[in-house]
Amino acid sequence: MKMGVLSNRICREDLKPGDHIYSWRYAYIYAHHGIYIGEGKVIHFTQSQGGREIGTGTVLDRVIFSSSSSEASNCAACGDQSGRCGVISSCLDCFLADGELYLFQYAVSPALFLAKPRGGTCTIAASDPTSEVLHRASFLLHNGFGVYHLFKNNCEDFAIYCKTGLLVITRISVGRSGQATSLLAGASAIVSSPLRYLTTSFSGLAAVGYGMYCFSRLVSDIGVRRDVEKVAVEMLVSASAGCQET
């Protein structure tokens, strides 16, 4: 295992059922997340057919990935997954899509959280017991996790919910994803900080911007936010089904 401040890399042999894992895609542009359930299988939430999560779900895909092949996932372990999306089960190889394996960390200290410059790698929130994590993942595999949304309901949101049972209860804010909150925190630090007028030097502007970025990330973390509550997976699915009917 190669866990540390700068890297959460983990060996396959160290994986345990219930682990929240992820793999970076396309030169660390974004990461795909899932829950390892044992025996080389991963349950994950994807907006891409084939379960390899080869896009961001935005118009940027047409530019960034225009030269990428749309290779279908059809391995001996998973079968033909070319027409599948939503919550699916894949082998570890298909989930990683030739990427490296990383372990998402829970119950980290605020200091360690802020020491990691990239969002979507850890949270201050604590994980629930393994049995609850696996139950949520399995239940959602058979019942779905709603409609994929880059900022409010993505693969990281799915994995964090499986691990914690926490849901954001306000509609106006971003979801649980550390990647999404980091992106918004970066934008906020650039365009909306009144403190940027206190200095004109490049180093001063950089310090102010990074400080605002770190603060925004911290207050947006699922383990710090006040607009979250624990929701049973059966209630989540029932509420989602009711919304779709209306």
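1. Strand E5 (41-46) is largely enclosed by the rest of the structure, because five of its six residues are buried. The model is a predicted one, and the points below should be read accordingly.

2. On one side of the pairing pattern, E5 runs antiparallel to strand E4 (residues 30-38), to which four bridges join it. Glycine 34 has histidine 44 of E5 as its bridge partner. E4 and E5 make up a hairpin with two residues between them, and glutamate 39 in the turn adopts a positive phi of about 55°. E5 is also joined to strand E8 (residues 86-91), again in an antiparallel arrangement, by six bridges. Within that pairing, threonine 46 is matched with glycine 86 in E8.

3. Helix H5 (residues 155-164) is likewise largely enclosed by the rest of the structure, since ten of its ten residues are buried. The buried set includes charged residues such as Glu156, Asp157 and Lys163, alongside Phe158, Ile160 and Tyr161. At the N-terminal end, H5 is capped by asparagine 154, a side-chain oxygen of which lies 3.0 Å from the backbone nitrogen of glutamate 156. Just after the helix, glycine 165 takes a positive phi of about 75°.

4. The largest nonpolar core comprises 18 residues, and those with the most contacts inside it are Ile35, Leu140, Phe145, Phe158, Tyr161, Cys162 and Leu236. At least two residues of this core come from each of E5, helix H4 (130-143), H5 and helix H8 (233-245). H5 provides the largest share, four residues. Leucine 140, neighbours within four places in sequence left aside, is in contact with Val87, Phe145, Phe158, Tyr161, Cys162, Val233, Leu236 and Val237. A second core of twelve residues is separate, and Trp24, Ala125, Ile160 and Leu166 are among its members.

5. Six salt bridges are present in the structure. One of them joins arginine 12 to aspartate 93, with the closest N and O atoms 2.6 Å apart. This pair links distant parts of the chain, 81 residues apart: arginine 12 lies in the loop between strand E2 (8-9) and strand E3 (20-25), whereas aspartate 93 belongs to helix H2 (residues 92-96). Both ends are partly exposed, arginine 12 with a relative accessible area of 41% and aspartate 93 with one of 48%.

6. Which residues are linked with Asp128 in a network of salt bridges? They are Glu132, Arg136 and Lys230. Within the network, the side chains of aspartate 128 and arginine 136 meet at 2.7 Å, N to O. Aspartate 128 is buried at a relative accessible area of 14%, and arginine 136 also counts as buried, at 7%. Elsewhere, arginine 225 and aspartate 227 form a salt bridge at 2.9 Å, N to O, and both of these residues are buried.

7. Confidence varies along the chain. The mean pLDDT of the protein is 78, with 68% of its residues reaching 70 or more. Among the elements, H4 has the highest mean pLDDT (97) and helix H1 (residues 60-64) the lowest (46). Over residues 62-72 the pLDDT is below 50, although this stretch has 13 contacts in the model beyond near neighbours in sequence. Where pLDDT is low, predicted coordinates should not be read in detail.

Definitions and conventions
Residues numbered from 1 in each chain as written. Predicted model: local features only at pLDDT ≥ 70, side-chain atom pairs only at ≥ 80, totals over all residues. Heavy atoms only, no water. Salt bridge = Lys/Arg side-chain N within 4 Å of Asp/Glu carboxyl O. Buried < 20%, exposed > 50% of the residue type's maximum accessible area, 1.4 Å probe, protein only. Polar contact = N/O pair within 3.5 Å; in protein donor to acceptor, adjacent residues only side chain to side chain. Core = buried A, V, L, I, M, F, W, Y, C linked by side-chain atoms within 4.5 Å. Contact = heavy atoms within 4.5 Å. pLDDT = per-residue confidence, 0-100. Pairing = 2+ DSSP bridges.
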